[in-house]
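Work through the exercises below with the sequence and the coordinates open. Try each task before reading its solution.

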Amino acid sequence: METYIIKVNGETYEVEVEKKENSASGKSVAVKRETAEKIETSGCPVKTEMAGKVWKITAPIGQAVKKGDTVMILEVMKLEVPVSAPSEGVVRSIAVSEGDPVKQGQTVAVVA
């Protein structure tokens, strides 16, 4: 597994790539993206309290939120678990998409 930092449309991401041998040609090629997590810039990170899957993003980038507002909802063992804004501000970035798995303590958004 190799880690790369890439920029896409001005946004910076850290990406882990697994390399495998192509048995037909013997050449090494990148075939699988393991994770793509947006690197925190400035602001207050929004972190998950438990592992699960992103069910719905309720506060898109650019939306103003107050402390405690729901930014997204996780599905955890068939339960809906809200992920709340830790402070008042505007959602500056979202590092996940609906359907993505998340780990406990993972940064999923930034509010500034």
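Strands here are DSSP runs of E at least two residues long, numbered from the N terminus. The model is predicted.

**Exercise 1. The overall inventory**

Task: State how many helices and strands the protein chain has, and what share of its residues is buried.

Solution.
- Step 1: Count the elements. The protein chain has zero helices and eleven strands.
- Step 2: Write the order. Along the sequence the pattern reads β-β-β-β-β-β-β-β-β-β-β.
- Step 3: Take the burial. Of the 112 residues, 26% count as buried.
- Step 4: Take the surface. The accessible surface comes to about 7,400 Å², and carbon and sulfur atoms hold 50% of it.
- Step 5: Look at contact range. Among contacts with a separation of 6 or more, 46% join residues 24 or more positions apart.

**Exercise 2. The sheet with β7**

Task: Give the strand order of the open sheet that contains β7, and name its edge strands.

Solution.
- Step 1: Set the order. Four strands line up as β8-β7-β5-β10, with antiparallel pairing.
- Step 2: Find the edges. β8 (79-84) and β10 (101-102) each pair on one side only.
- Step 3: Check one pairing. β7, residues 70-76, meets β8 through six bridges in the antiparallel sense.
- Step 4: Fix the register. Glutamate 75 has glutamate 80 of β8 as its bridge partner.

As background, strands of a sheet pair through backbone hydrogen bonds, either parallel or antiparallel.

**Exercise 3. The sheet with β9**

Task: Do the same for the open sheet that contains β9, and fix the register on both sides of β9.

Solution.
- Step 1: Set the order. This sheet of four strands runs β4-β11-β9-β6, again with antiparallel pairing.
- Step 2: Find the edges. β4 (44-47) and β6 each pair on one side only.
- Step 3: Take the β6 side. β6 (residues 64-65) and β9 (residues 89-94) share two bridges. Valine 65 is bridged to glycine 89 in β9.
- Step 4: Take the β11 side. Three bridges join β9 to β11, residues 107-111. Isoleucine 94 is bridged to alanine 109 in β11.

**Exercise 4. The nonpolar core**

Task: Which residues of the largest nonpolar core touch the most other members, and which strand supplies the largest share?

Solution.
- Step 1: Rank by contacts within the core. Met72, Leu74, Val96 and Val108 touch the most other members of this 18-residue core.
- Step 2: Assign strands. β7, β8, β9 and β11 each supply at least two core residues. The largest share, four residues, comes from β7.
- Step 3: Expand valine 96. Beyond four places in sequence, valine 96 touches Val54, Ile57, Met72, Val102, Gln106 and Val108.

A general tendency applies here: in soluble globular proteins, nonpolar side chains tend to be buried together.

**Exercise 5. The loop with positive phi**

Task: Which two residues in the loop between β7 and β8 have positive phi, and are they buried or exposed?

Solution.
- Step 1: Recall the background. Most residues other than glycine have a negative phi.
- Step 2: Take methionine 77. This residue lies in the loop between β7 and β8. Its phi is positive, about 50 degrees, although methionine 77 is not a glycine.
- Step 3: Take lysine 78. The loop between β7 and β8 holds this residue too. The phi of lysine 78 is positive, near 70 degrees.
- Step 4: Classify by accessibility; the cut-off for exposed is over 50%. Methionine 77 has 77% relative accessibility, so it counts as exposed. Lysine 78 has a relative accessible area of 77%, so it is exposed.

**Exercise 6. Two surface sites**

Task: Classify proline 101 and valine 8 by accessibility, and describe the setting of each.

Solution.
- Step 1: Place proline 101. Strand β10 holds it.
- Step 2: Classify it. Proline 101 counts as exposed because its relative accessibility is 64%.
- Step 3: List contacts. Beyond four places in sequence, proline 101 is in contact with Gly52, Lys53 and Gln106. The C-alpha atoms of proline 101 and lysine 53 are 4.2 Å apart, with their positions 48 residues apart along the chain.
- Step 4: Place valine 8. This residue is in strand β1 (residues 2-8).
- Step 5: Classify valine 8. Its relative accessible area is 39%, so valine 8 is partly exposed.
- Step 6: Add the patch. Tyr4, Ile6 and Val8 make a nonpolar surface patch of about 230 Å².

Technical notes: Residues are numbered from 1 along each chain as its sequence is written. This is a predicted model: local features need pLDDT of at least 70, side-chain atom pairs count only at pLDDT 80 or more; totals for chains, interfaces and linings use all residues. Side-chain values use heavy atoms; hydrogens and water are left out. Two strands pair if DSSP finds at least two bridges between them. A nonpolar core is a set of buried Ala, Val, Leu, Ile, Met, Phe, Trp, Tyr and Cys residues joined through side-chain atoms within 4.5 Å. Buried means under 20% relative accessible area, exposed over 50%, partly exposed in between (1.4 Å probe, protein chains only). Contact means heavy atoms within 4.5 Å. Patches are made of residues with over 30% relative accessible area and no salt bridge: like charges are joined within 9 Å, nonpolar side chains (Val, Leu, Ile, Met, Phe, Trp, Tyr) within 5 Å. Accessible areas come from the Shrake-Rupley method with a 1.4 Å probe; for residues, only the protein chains shown count as cover. A salt bridge is a side-chain nitrogen of Lys or Arg within 4 Å of a carboxyl oxygen of Asp or Glu.
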